[in-house]
Amino acid sequence: MKLRLPLLSAAAVLALLTACTPGTGGGGEGDGKSFEFWSFSAINQKLTVDAYQAKHPDVQIKLTEVGTSTETAQSLTTALAGGKVPDLVLIQGDNLPQFVDQPQNFVDLRTLGADDIKGDYLDWVWKQSVAKDGEVLGVPTDVGGMAVAYRTDLFAAAGLPTDREAVSALWPTWDAFIETGKRYKQTTGKAFTDNAATSVFYQAVNQVSEKYYSADRKLVYSTNPQVKAAFDLGIKAATSGITAGQSSFESAWSAGMGQGAYAAVSAPSWMLNSIRSTAPDTKGKWDIAKIPGAAGNWGGSYLAIPKAAKNPQAAWNYIKEMQSPEGQLEHFTRVGALPSTPSVYQDAKLTDGKDPFFSDAPTGKIYTDSLLGLKPFYIGPDSAAIGQEFLDAITNVEQAGGDPATAWDDAVRNIKTAIGE
């Protein structure tokens, strides 16, 4: 996840991609034993690549961590327009729709056997990578689920409970989460959570039954009361004094995590590895509590093969093996990313596994429980751009003195400009 970077609207992406019609010539002229893989950073794909190469020493993989998920999507857009593409690319879920709208630029994975494995994956996750004529553009690597990571030592110092069940009981709702933050701030004088945009708004808006688009794929971001309610929660948190005003993944956020500048951060399953790598000296000081509110999901990614890839079969071989239920379960044990393959949700490696970095929290059970009851909603080609503008509006209030009274109208106006509505 990346914040406050300019995003290309779907219209801009369409213009870029159709300006130079790559991919129609096809690829596949490579050696079949090597492939170039673009990933985004902070999720440690290298561990999975290393595991694959240990099993297949004859296969060479050039892994490039392009940057954040947004930067990776932007680089892919540029690469597709220029015709020089990787063989395999990891695309974050919110960025995927803009590419699903351009299926001619990607290998239809049905031609490599996707229909044979689609039953392994959560149906609502798989459908997000299916284009209008049925082309399958990506295989899901994980889902996010939702939870809150919190510092037990800082909670104890503030007189708050530290047991994960007791902590979860502190915040059945987002209003209760904000009130807990106020108690923490009153006792310690320090910020409770990192920021309002991702740790409150972005969680609440992913717990809705309908988000920026309706089920029939019409834009409803400005009229959907569920989105407005989530935005209002974000503004409430931003003006409550409980946040450190540190945007996720920026340098101050990383430093603050290690220094205890905030005590709680919203953490989908893929965030766990970021916390481990960002603040390794805090091992054993974290635990995981339930997310306030309802079930939901933040994040998840897909592996796709550009049409002009030189080694599509080698890339597909990697997808098929490493994103199988067994492969995703092994990835979970390495980095904590929750599988998108529900057949492993009852496997003891997932249900009984405990993470010593997070005080032996049963992360597999916590995150699968967080998905129960989830009502999937349609993610459209401009969902990422819309979400970014809402995030920016809340961040502007929190960090730059923006007027909370006009933040919603400002965000809607900026969205209309960003997506060319």
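This passage describes the nonpolar cores, the surroundings of K349 and the largest pocket of a predicted model.

We can start with the packing of the interior. The largest nonpolar core comprises 99 residues. Within this core, the residues with the most contacts are W171, F201, Y212, F231, I275, I288 and F390. At least three of its residues come from domain 1 (34-143 + 300-352), and at least three from domain 2 (146-294 + 381-419). Another core lies apart from this one and holds 27 residues, including F37, V107, Y121 and A309. F231 gives a good view of the packing in the 99-residue core: leaving aside residues up to four places away in sequence, F231 touches F201, F390, A393, I394, A407, W408 and A411.

K349 offers another place to look. This lysine sits in helix α16, which spans residues 348-351. With a relative accessible area of 45%, K349 falls between the limits of 20% for buried and 50% for exposed, and is therefore partly exposed. Once residues up to four places away in sequence are set aside, K349 touches L329, E330, F332 and T333. With E330, the K349 side chain also forms a polar contact, side chain to side chain, at 2.8 Å. Along the chain, K349 and V49 are 300 residues apart, and their C-alpha atoms are separated by 21 Å.

Finally, there is open space to consider. The largest pocket contains about 540 Å³ of space. Its lining consists of 22 residues, and those nearest the centre are K127, Q128, R217, Y378 and I379. Two or more lining residues are contributed by each of the elements α4 (96-100) and α6 (123-127).

Definitions and conventions. Residues numbered from 1 in each chain as written. Predicted model: local features only at pLDDT ≥ 70, side-chain atom pairs only at ≥ 80, totals over all residues. Heavy atoms only, no water. Core = buried A, V, L, I, M, F, W, Y, C linked by side-chain atoms within 4.5 Å. Buried < 20%, exposed > 50% of the residue type's maximum accessible area, 1.4 Å probe, protein only. Domains from an automatic or database assignment. Contact = heavy atoms within 4.5 Å. Helix = DSSP H or I, 4+ residues; strand = E, 2+ residues; numbered from the N terminus. Polar contact = N/O pair within 3.5 Å; in protein donor to acceptor, adjacent residues only side chain to side chain. 1 Å grid on protein atoms, 1.4 Å probe; cavity = no way out; pocket = protein on both sides within 12 Å on 5 of 7 lines; lining within 4 Å. Points joined across faces, edges and corners; volume = space filled by probe spheres on them.
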